[in-house]
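Colleague: Before I rely on any of the labels attached to this model, I would like to go through the reasoning behind them with you.
Modeller: Then let us look at the structure together and take the labels in turn.

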Amino acid sequence: QVQLVESGGGLVQAGGSLRLSCAASGLSFSLYTMGWFRQAPGKAREFVATTNWNGGSIYYADSAKVRFTISRDNAKNTVSLQMNNLKPEDTAVYYCAAHTRRGRLGMTTNEYDYWGQGTQVTVSS
């Protein structure tokens, strides 16, 4: 019954911004580490950003540092990814994920229990 639904993807010119959102249901949201991953055509799914239960521990992939910001609203059961200064290489399907494992930083796909269906982000040059 756990469901993660991403939204906010679309087509944007290089240098533009998008804000992705993930709405969670069927789980105690505040107990979960949340992460964002992305997968470009022909490539493996890669880590983008993660936040622990209260936003006190946040980590970014090198590609996401400075330009991207992850945040969560436990009252609304949502996690967001603000993406600024987008580049064509950011084009990918972006996925929201959740896990409750302790002692993990949330940077690898294997540690996540639940995944959304993804939202397409396309950045034109």
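**Labels and their grounds**

Modeller: Arg 101 has a relative accessible area of 36% in this predicted model, and because partly exposed covers the range between 20% and 50%, Arg 101 is called partly exposed.

Colleague: What makes the contact between Asp 113 and Arg 101 a salt bridge?
Modeller: The N to O distance between their side chains is 2.5 Å, and the cut-off is 4 Å between a nitrogen of Lys or Arg and a carboxyl oxygen of Asp or Glu, so the pair qualifies. Both residues sit in the loop between strand 9 and strand 10, 12 residues apart.

Colleague: Why is Asp 113 called partly exposed?
Modeller: Asp 113 has a relative accessible area of 33%, and since the class lies between 20% and 50%, partly exposed is the label that follows.

Colleague: How do you know that Asp 90 counts as buried?
Modeller: The relative accessibility of Asp 90 is 1%, and buried means under 20%, so the label holds. Asp 90 forms a salt bridge with Arg 38, with the closest N and O atoms 2.9 Å apart, and this pair links distant parts of the chain, Asp 90 being in the loop between strand 8 and strand 9 and Arg 38 in strand 4.

Colleague: Why does Arg 38 count as buried?
Modeller: Its relative accessibility is 6%, and the limit is 20%, so Arg 38 falls in the buried class. Arg 38 and Asp 90 also belong to one network with Glu 46 and Arg 67, joined by salt bridges that share partners.

Colleague: Why is Asp 62 called exposed?
Modeller: Asp 62 has a relative accessible area of 65%, and because exposed means over 50%, that is the label it receives. Its salt-bridge partner is Lys 65, with the closest N and O atoms 2.9 Å apart, and Lys 65, at 44%, is partly exposed.

Colleague: What makes Tyr 59 eligible for a nonpolar surface patch?
Modeller: Tyr 59 lies in strand 6 and has a relative accessibility of 31%, and patch members need over 30% and no salt bridge, so Tyr 59 passes the accessibility cut-off. Together with Leu 105 and Met 107, Tyr 59 makes a patch of about 250 Å².

Colleague: And which residues touch the most other members of the largest nonpolar core?
Modeller: They are Met 34, Trp 36, Leu 81, Met 83 and Tyr 94, out of 26 residues in that core.

Note on methods
Residues numbered from 1 in each chain as written. Predicted model: local features only at pLDDT ≥ 70, side-chain atom pairs only at ≥ 80, totals over all residues. Heavy atoms only, no water. Core = buried A, V, L, I, M, F, W, Y, C linked by side-chain atoms within 4.5 Å. Buried < 20%, exposed > 50% of the residue type's maximum accessible area, 1.4 Å probe, protein only. Patch = residues over 30% accessible without salt bridge, like charges linked within 9 Å, V, L, I, M, F, W, Y side chains within 5 Å. Areas by Shrake-Rupley, 256 points an atom, 1.4 Å probe, with all protein chains shown as cover. Helix = DSSP H or I, 4+ residues; strand = E, 2+ residues; numbered from the N terminus.
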